[in-house]
Amino acid sequence: MIRRIEKAAVIGSGIMGGGIAALCASAGVPTLLLDIVPFDLKDEEKNKPEARNRIVKAGLDAQLKARPPAFMDKNIDVNLITTGNLEDDFAKLAECDIIFEVVVENLKIKQGLFEKIEKVMKPTAIIASNTSGLPLSKMAEGRSKQFKENFLIMHFFNPVRHMRLLEFVAGKGTKKEVLDFAANWGEKTLGKGIVWSNDTPNFIGNRIGVYATAVLFNNILDSGLTLAEVDAIFGAAMGRPNTGIFALADLVGLDTIHHLLVNSREMLVNDECRDGYTVPDWFQKIVDNKWLGNKSKQGFYKKQLTADFQKKKMVLNLRSLEYEETGKPSLKCLDAAKQAKTTGEKIKALLYGDDKGSKFAWKMSAAISIYAANRIPEIADSIVEIDNAMKWGYAWELGPFETWDVIGVRESVTKMEADGFNVPESIKKMLESGKETFYQVKNGKKQYLDLTSNTYKDVKLSDNIIFLANLKEDKKEVLSNESASLIDLGDGVFCLEYHTKMNSINEGIVTMIGRALDYVGKNGVGMVFGNQAPGIPGAFSAGGDLSAMLKVANEKRFSQIAEGLRELHRVFQGARYAPFPVVAAPYGMTLGGGCETCLWADKIVAHCETYIGQVEIGAGLVPAGGGCLNTWKKYIESFPRQVQLTDLGAFFIPVVLTLGQAKVSTSAAEARTLGFLGPKDRIIFNKDSLIGEAKKEVLRMVEDGYYPPVKTTIPVMGREGIGMVNTQLFSMSEGGFVPPHMNEIMKRITYIVAGGNVPQGTRVTEEHILALEIEAFVDLWKTEATRKMAEHILKTGKPLIM
């Protein structure tokens, strides 16, 4: 049979249920969202649908207001959601191909719901529970063979749209065909990273994650460290979220953390580290005091108002349970980590130092590594599932076994044994057999060590997933410098990868673009602009190298800035009019020069979480890498017919506002609305597939007989457009709504997009508009205001409005 998900249902409209419904709708799947009828209806409300659907409406409204956003484009996606209640609309479940159960974590309630679902569901419908820990076998008790064949756990993480992890648990009777289809749908349609867990308490992510929290809680008093110091160690320096441990706990809710610790200790009766889940006395007192974190406005941290009405961050002293000023953490190991370049080097600096911070970091990391190794094969069949669960569900840059590799398995095990840790037999066997790492690349394929058989096996990946790091390790890098690399993707397609800090565009990248185009012209059929920076959401490119440009401007070498832009235009135009297709594959932060990279490409294949925009005005500048030119062209080229003179005015204001207000999309879907993505550009949901899908797009264009676009002149608004915008700017400036320098930048953007002082409807060349970009960019660098704005954003990360 051919399976399709033509309609989904979600039962339960709380944070998780509403989030799953929003994700399904964002993926284009019509979705039925149901919840209970309120218990407290008045007699006159009992027959009114709006009253009976009050709970589900509140759930959907919460998703529409959610931050970060739950929908990719809520104005469009919400139209795919139909709401109802479990009494009046239950029969509608018969129309659905997949039904998500997301109700309260109560076994009897879930069992009762499944009994009712079985009576109305279509025979082929997939039933997926989002339980965070109840056994599938218990939930399926009493259900028919047919129900069990289509029943599984699909456990999402919160916030659903943004956390990539989706844990799958199969029942003994679940059909393989159902599991394969659901996993493929979850990966490709919803964009999730799938890990397969055994039917054990807390599954994978929370089993390791809760233990990591528990062991730290139970050892922190002996460390001599403050909470702020621990958060600094186990934050960005360790390749983990900036929140660290305690600020993240405040965000999650200390009552939730307490519940997880108590439940884990209760359920994990055979766990060798069961006592490690014990709730420490100090933590029990905090919870008893109702200091529950952000929800109660105090937990491990709180904001306190000073005498001059400034908010000051305070941190809890665990011994006195009194709040004190946070202060800036100062530890030798943190200083060493700051000097290191890669995440692996930072982690080694933290773990192998000799101060109290390093000693605590080592003790905790060693305990977590050993605990993870002991969970194979209890909670998962491979180390890959554990590593991916922690990366996708907890936003760790490296999973436990990947971390073990970068710090050196043999070196760390020697230290563990010296420190009295009980190293698992599987790890000892690994080292005794001469194996030094958990992962390796062989013939371009990543392999993992199967701890059960002590043999390397291929990491299973979908056919369209390409990892650039694997190809580079397999010597597929054909050109490189310190800023970029050209990598052979196979079939004549090459990928130009930026690898500067935040993939910002510098002179080395500009040089490499030119070299790459020459190489592909002689040896290939097409090229992809793409990279795979770690993190959530990561950065395709955060823009130009502002620090380098500021240095040149301060030295008044303005002709060098102009020449650099001319060279950038030359190579970008070379990509646009190359005799082979060029596809850009953006994701995450795609700002300034990163956005311009995409706009020069023949086609864009964007990850759904692409935050794209021209933000140069925040640094006191205008888009000058073709950003003004190509944003205007993108609008014109998206029009379904030949652009008429009367159409230009309708395009002109939106383009000027998009550039002048530094608008950045909150998703790839919104990028279409802003004009950065056109109707022919694609959006995909799985980030790992991005390079592979971009490669396919190149080959498809080649197969279709690709010829480069013909360079034509561009119609512009001219002085009529300039006058139209400047009149409004004058009124806003006079009213004090636009500061003087921002007003000047807006005028320069308007002048560029309008094509300069020419009559409306004049057709100008690309070079004409690019010359206007250079002129404005250099002129602005000459001003003290722009240099101040650039200095401020480099120091603080925030724009200075002048």
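**A helix pair, a small sheet and two buried residues**

Helix 31 and helix 32 are roughly antiparallel to each other, because their axes cross at roughly 165° and angles over 145 degrees count as roughly antiparallel. This model is predicted. Helix 31 covers residues 740-753, and helix 32 covers residues 766-781. Their axes come within 9 Å. The crossing is right-handed.

Which residues of helix 31 meet helix 32? They are H741, I745, R748, Y751 and I752. On the other side, helix 32 offers I769, L772, E773, E775, A776, D779 and L780.

Turn now to a sheet. Strands of a sheet pair through backbone hydrogen bonds, either parallel or antiparallel. Here 3 strands form an open sheet. Their order is 12-13-14, and the pairing is antiparallel. Which strands stand at the edges? They are strand 12, residues 439-442, and strand 14, residues 455-458. Each has a single partner strand, so one side of each is left without a neighbour in the sheet. From one strand to the next, the twist averages 40°.

Look at one pairing in detail. Strand 13 spans residues 445-450. It runs antiparallel to strand 14, and 4 bridges join the two. Y448 stands opposite K457 in strand 14.

Next, find strand 17, residues 493-498. E497 is found in this strand. Is E497 buried or exposed? Its relative accessible area is 10%. Buried means under 20%, so E497 counts as buried. The side chain of E497 makes a polar contact with the side chain of K472, at 2.9 Å. K472 is also on the list of residues that E497 touches, leaving out those up to four places away in sequence. The others on that list are L468, S483, A484, S485, I487, G530 and N531.

The last stop is helix 16, residues 356-374. I370 lies in this helix. With a relative accessible area of 9%, I370 is buried too. Which residues does I370 touch, not counting residues up to four places away in sequence? They are W404, M416, F421, N422 and P424.

Finally, link I370 to M742. Along the chain, I370 and M742 are 372 residues apart. In space, their C-alpha atoms are separated by 56 Å.

Terms used: Residues are numbered from 1 along each chain as its sequence is written. This is a predicted model: local features need pLDDT of at least 70, side-chain atom pairs count only at pLDDT 80 or more; totals for chains, interfaces and linings use all residues. Side-chain values use heavy atoms; hydrogens and water are left out. Two strands pair if DSSP finds at least two bridges between them. Helices (H or I, at least four residues) and strands (E, at least two) are DSSP runs, numbered from the N terminus. Axes are lines fitted to C-alpha atoms, for helices over the stretch in contact, and angles run from 0 to 180 degrees between N-to-C directions. Buried means under 20% relative accessible area, exposed over 50%, partly exposed in between (1.4 Å probe, protein chains only). A polar contact is a pair of N or O atoms within 3.5 Å; within protein, one must be able to donate a hydrogen and the other to accept it, and residues adjacent in sequence count only if both atoms are side-chain atoms. Contact means heavy atoms within 4.5 Å. Angles under 35 degrees count as roughly parallel, over 145 as roughly antiparallel, 65 to 115 as roughly perpendicular and the rest as oblique. A crossing is left-handed if the near helix is turned anticlockwise from the far one by less than a right angle, and right-handed if clockwise.
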